[in-house]
Amino acid sequence: MVTSLPIPRLVIAAPSSGSGKTTVATGLMAAFSERGLAVSPHKAGPDYIDPGYHALATGRPGRNLDAFMCGPELVAPLFAHGASGCDLAIVEGVMGLYDGAAGRGELASTAQVAKLLRAPVVLVVDASSQSRSVAALVHGFASFDPQVRLGGVILNKVGSDRHEAMLREALEEAGMPVLGVLRRAPQVAAPSRHLGLVPVAERRSDALSSVAALADQVRAGCDLEALMALARTAPALECEPWSPERALTPRGVAAPPAPGPGGSGPRPVIAVAGGPAFTFSYAEHAELLTAAGAEVVTFDPLRDEALPDGTTGLVIGGGFPEVYAPELAANAPLRKAVAAFAETGGPVAAECAGLLYLARSLDGKPMCGVLDADARMSERLTLGYREAVAVSDSALAVTGTRLRGHEFHRTVIEPGAGSAPAWGFTHPERRVEGFVRQGVHASYLHTHWAAEPSVALRFAEAAARAR
């Protein structure tokens, strides 16, 4: 049922990557949360790492809004699902404001998300090497697409009071409100490595300090009252909020009732890898599995020497096993348990980091040996959206199932596909990729199950049968 949802909201965008979106968005989330507001955090695009900092700032799950992987039609419903009951929603953009899927126009851009949400945009500008030219830059972004409502600017990396005065004068001439000015503050920067920021799970204590410092910086440099007033100018959002229960009942196909698929016996236990080595996941995946009748339990492959009691399904998502290869290799009891589970035909869904963990070795260190393949670090970054079709029946999908996904890794696995591949990529290049073996589905491709909830239902049913 379509409802009218009055959700104050802002989209935090920038002219390009590296301008300070994450700094500003996370700082705003923390600063407003400290005021006692319930803040709903969101991230445009497929990024897994920034939402971890958002969650730390707000105490709520960081959620992604990806118009490529989920389709434009799901952006507003997924947003409304996450923002339910909140006082304010903040969406951090991706790349530059108008940058989206390569060769697809505005698709998956921050601008498209802002238009779909009818949300005002705050542009974060790195002002470190400009003064009056900032007005021309902002004017161009404000006028490029009249349907994108640019409500103000936050100036980042401002060098001095004189620099600030010149920037403000230029933007006043352009008629663009300055909603904040932030000076250079390296002490609040989060460390980065080969795939971006270091995830929260790997530096939780330091991350808490960083988020607190960001809140202090934003509180001191930004006009929070003006920003909240701008957020309240967003019109009511007309949509039906997404729900995992409704998502599992399309086309008249009923989701299984609790306590498990079939409605009898205990709920199937689906173990989901977590901890510092496996930090990449979308909140909706666990919600869909729960709605499909499963009990979702998290375990840490760095520390736990056995799978959770009663495990009948195993999900190993993305992360950084290459950083923890020696520690993962040292946990031989768990590696053997995972291999034994796979050997019995138990359903296993492995994405990217999970694929590496199931391999025979990673950078020469022994892994689970479920797949006859070896993985290693590479100098080449593989990055981009993919259109894929399932080419083998598996615990996740039947042959012919089409999904859109995302690759993001600096490793290679040899061979790149098994005798029964997981996916056939149809765009931007044609190739097969991944492995299907007994109950195992392993691939580099990150997918968002909200786009095809039958994946979660099929996996929960396979876990129930394994029980």
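In which hand does α1 pass α2, left-handed or right-handed? Before we get there, a word on what you're looking at: this is a predicted model, where local features need pLDDT of at least 70, side-chain atom pairs count only at pLDDT 80 or more, and totals for chains, interfaces and linings use all residues. Residues are numbered from 1 along each chain as its sequence is written, and side-chain values use heavy atoms, with hydrogens and water left out.

Let's find the two helices. Helix α1 covers residues 21-34 and helix α2 covers residues 49-58; helices here are DSSP runs of H or I, at least four residues, numbered from the N terminus. Their axes come within 8 Å and cross at roughly 20 degrees. An axis is a line fitted to C-alpha atoms over the stretch in contact, and angles run from 0 to 180 degrees between N-to-C directions. Angles under 35 degrees count as roughly parallel, so α1 and α2 are roughly parallel to each other.

Now for that opening puzzle: α1 passes α2 in a right-handed crossing, meaning the near helix is turned clockwise from the far one by less than a right angle. On the α1 side, the contact (heavy atoms within 4.5 Å) includes Met 29 and Ala 30, while α2 brings residues including Tyr 53 and His 54.

What about disulfides, pairs of cysteine sulfur atoms within 2.5 Å? The count comes to zero. For Cys 70, the nearest cysteine sulfur, that of Cys 239, is 14 Å away. Cys 70 is also buried (under 20% relative accessible area), at 5% relative accessibility.

Notes:
Disulfide = S-S within 2.5 Å. Buried < 20%, exposed > 50% of the residue type's maximum accessible area, 1.4 Å probe, protein only. Parallel < 35°, antiparallel > 145°, perpendicular 65-115°, else oblique.
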